[in-house]
Structure formats: structure tokens, C-alpha cells
Amino acid sequence: MTTEQRVRAILELGITALCCTPTYALRLAEAAEELGLPLADSALRAVICAGEPGASIPATRELIERSFGARVYDHSGMTELGPTGFGCAAGGGLHLVQSEFIFEVSADGELIATNLGRWGSPLVRYRTGDRVRLTEAPCPCGSQFAKLEGGILGRVDDMFTLRGVNLYPSQVEEIVRRHPEVDEFLLELRTVRQMDEVTLLFEIVVPAPGLDERLAVELRQALSARIECREVPAGTLPRSELKSKRLRRVAG
């Protein structure tokens with residue numbers, strides 16, 4: 001089924017719940033706008049996002065909710081382990097399902113899990129590859145489970161270092177998605193004279209003079225790192241129906 005067919009199915013079948021990656025939710029919204037279809041007026045009440053960071057990033061979550069006219073819920077899990085976390089009703093992250101797993105967090109922030117109920121496929125201290133920030137503090141929602149603040153913050157193998165600062169694509173996304181003019185973006189990482197350089201490539205949906213300079217300033221202030229920002233023509237950057245790749249390593 002193509003993206004257009006999925007958009008039409010949501011409207012024609014009166015679908016009330018959708019589960020996909022945050023990136024693909026935005027791709028569906030983009031396709032609906034191109035087709036002139038009123039996705040925000042559909043019967044959808046819930047969009048469950050998993051597979052990558054995004055649904056716990058405020059700007060991204062708000063963009064999806066506005067595009068679909070539905071509530072967005074974050075969710076975490078993987079084929080090897082099954083569902084590991086659910087979106088906090090009070091917002092701001094994920095609660096871990098501690099009744100089914102023993103969770104640990106390594107020194108570098110990676111979530112490690114041991115499942116308790118999968119007899120046919122037991123995993124002991126499984127490295128998930130997800131970078132997290134865990135808190136045991138009482139949560140306003142009333143859940144007794146530990147909470148991952150901000151949800152899944154990124155993949156450990158997605159980390160890049162810029163002038164001694166460790167960064168993740170999700171940190172950049174949190175800033176980029178505050179600008180509704182931005183449609184799609186990608187980070188290019190290259191090595192120039194033994195130094196890493198990063199360029200933010202972005203597409204826009206409406207004219208936004210000076211946006212490249214504003215983004216560069218905001219990124220520098222928030223992340224303490226200099227990232228070149230450059231607008232590219234619409235349709236230049238790749239779209240994904242699965243998990244997005246926000247970081248691309250290129251030759252210097």
C-alpha cells in the first residue's frame with residue numbers, strides 16, 4: 001500500500017487509531033496536504049508513535065497532533081523484547097513496564113533490559129542501543145513505574161561529536177520542529193582537516209527568509225556547537241516509510 005492509499009484509507013474507512021514512526025506520521029500529513037485531503041478532519045483519535053525518537057519531543061508531538069487532529073502517544077519496544085514502555089499520561093516521557101522487565105542504565109546512558117516473561121526467548125542484560133535518562137521520582141500521572149524523561153532520546157550509535165560536544169539528531173530535531181516552515185531535514189557529517197563538521201539541510205513549505213541564520217543561532221545557543229544550516233529545494237531530501245535516518249556521513 002502506498003502512502004497515498006494509506007491516507008485515503010484513513011479517511012474512507014473512518015480509522016480511529018494509527019500506529020507508525022513519528023517520521024512516517026509527518027510523511028502521511030505531508031502527503032495529505034499535497035493531495036488536498038483534510039486529514040485533520042478524519043475520525044482519528046489516537047496516533048501511537050514508536051520506533052524512533054519524536055513523540056516525546058514537544059515540537060514534533062505538537063506538529064503531529066495538529067496535522068492529524070488527534071492525541072499522540074509515545075511507545076517503546078522491539079522485536080527481541082516486546083513492548084517495554086508506554087507514554088506517560090502527564091506527558092514528558094515514557095514509563096517502563098517494570099512488571100515484565102528488569103531495567104538498567106549503563107554509564108553512557110544506554111538502556112539495558114532483562115525480560116521476565118518470554119520463556120521461549122529469554123534475554124539477559126540485553127543492550128537496546130537506546131539512550132535514555134531515567135528517573136524514579138514520583139510522577140503526576142500516578143504510575144509507580146520508573147520514567148524515561150523525554151522518552152527515547154536517541155540511539156547510542158547515532159551520537160556524533162562536534163568540537164568536543166556529544167550530540168544526537170533528536171536534540172537538533174527538538175529545535176528544528178519549532179519552525180512550522182520546515183518540512184524535512186537531514187544532518188550531514190563530514191571530516192575536514194581532521195575536524196568533524198555538521199551541516200543541517202532543510203526543506204521548507206513556505207518562504208522563510210533568514211531561517212538558515214536563525215536556526216544556526218538557535219542551535220549554537222542550545223547545543224553549544226556550530227552547525228551550518230542550508231535550505232535545499234523541496235523534494236531533495238529522502239522520505240522514509242520506516243525508521244528515518246537523520247544523520248548521513250559523507251566524504252569531506
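1. In this predicted model, I102 stands opposite T114 in strand 7, a pairing that belongs to the ladder between strand 6 and strand 7 (residues 110-115), where the two strands run in the antiparallel sense over 5 bridges. These strands belong to an open sheet of 4 strands, ordered 6-7-8-11, in which the pairing is antiparallel. Strand 6 (101-105) and strand 11 (154-155) stand at the edges of that sheet, and because each has a single partner strand, one side of each is left without a neighbour in the sheet.

2. A further open sheet, also described by its strand order, is built from 4 strands in the order 16-15-14-17, and here the pairing is mixed. Its edge strands are strand 16 (228-231) and strand 17 (247-249), each of which pairs on one side only. From one strand to the next, the twist averages 25°.

3. The pairings inside this mixed sheet can be followed residue by residue. Strand 14 and strand 15 run antiparallel and are joined by 10 bridges, with V198 in strand 15 serving as the bridge partner of L189. On the other hand, strand 15 and strand 16 pair in the parallel sense over 4 bridges; T199 has E228 in strand 16 as its bridge partner, while L200 stands opposite C229 in strand 16. As background, the strands of a sheet pair through backbone hydrogen bonds, either parallel or antiparallel.

4. How much of strand 15 is buried? Of its 10 residues, 8 are buried, so strand 15 is largely enclosed by the rest of the structure. Part of the surroundings is supplied by helix 5, which lies across strand 14, strand 15 and strand 16 and runs at about 135° to strand 15.

5. The largest nonpolar core holds 24 residues, and among its members V172, L200, F202, L219 and I227 touch the most others. At least two residues of this core come from each of strand 12 (160-162), helix 4 (169-176), strand 14 (182-192), strand 15 (195-204) and helix 5 (211-223), and helix 5 gives the most, with 5 residues. A second, separate core contains 21 residues, including I10, C20, L39 and L44. In soluble globular proteins, nonpolar side chains tend to be buried together.

6. I227 deserves a separate look within the largest core. When its neighbours within four places in sequence are left aside, I227 is in contact with L162, V172, V198, T199, L200, A216 and L219. Of these partners, V172, L200 and L219 are also listed with I227 among the core residues that touch the most other members.

7. Which elements does S170 bring together? S170 has its place in helix 4, and with a relative accessible area of 11% the residue is buried. Apart from neighbours within four places in sequence, S170 is in contact with P53, I57, L153 and G154. G154 falls within strand 11 (154-155), one of the edge strands of the antiparallel sheet.

8. Helix 2 (residues 22-35) and helix 3 pack at an angle of about 35°, and their axes are 10 Å apart. Helix 2 passes helix 3 in a left-handed crossing. The residues that meet at this packing are P22, A25, L26, L28 and A29 in helix 2 and T60, L63, I64, S67 and F68 in helix 3.

9. E62 is also placed in helix 3 (residues 58-68). At 43% relative accessibility, E62 counts as partly exposed. The C-alpha atom of E62 is separated by 9.3 Å from that of R178, although the two residues are 116 residues apart along the chain.

10. How many disulfides does the structure hold? The number is 0. For C139, the closest cysteine sulfur is that of C88, at 3.4 Å, which is too far for a bond; the cut-off applied for a disulfide is a pair of cysteine sulfur atoms within 2.5 Å. C139 is buried, with a relative accessible area of 13%. C229, the residue opposite L200, is likewise buried, and its relative accessible area is 10%.

Note on methods. Residues numbered from 1 in each chain as written. Predicted model: local features only at pLDDT ≥ 70, side-chain atom pairs only at ≥ 80, totals over all residues. Heavy atoms only, no water. Core = buried A, V, L, I, M, F, W, Y, C linked by side-chain atoms within 4.5 Å. Buried < 20%, exposed > 50% of the residue type's maximum accessible area, 1.4 Å probe, protein only. Contact = heavy atoms within 4.5 Å. Pairing = 2+ DSSP bridges. Axes fitted to C-alpha atoms, helices over the stretch in contact; angles between N-to-C directions. Left-handed = near helix turned anticlockwise from the far one by under 90°.
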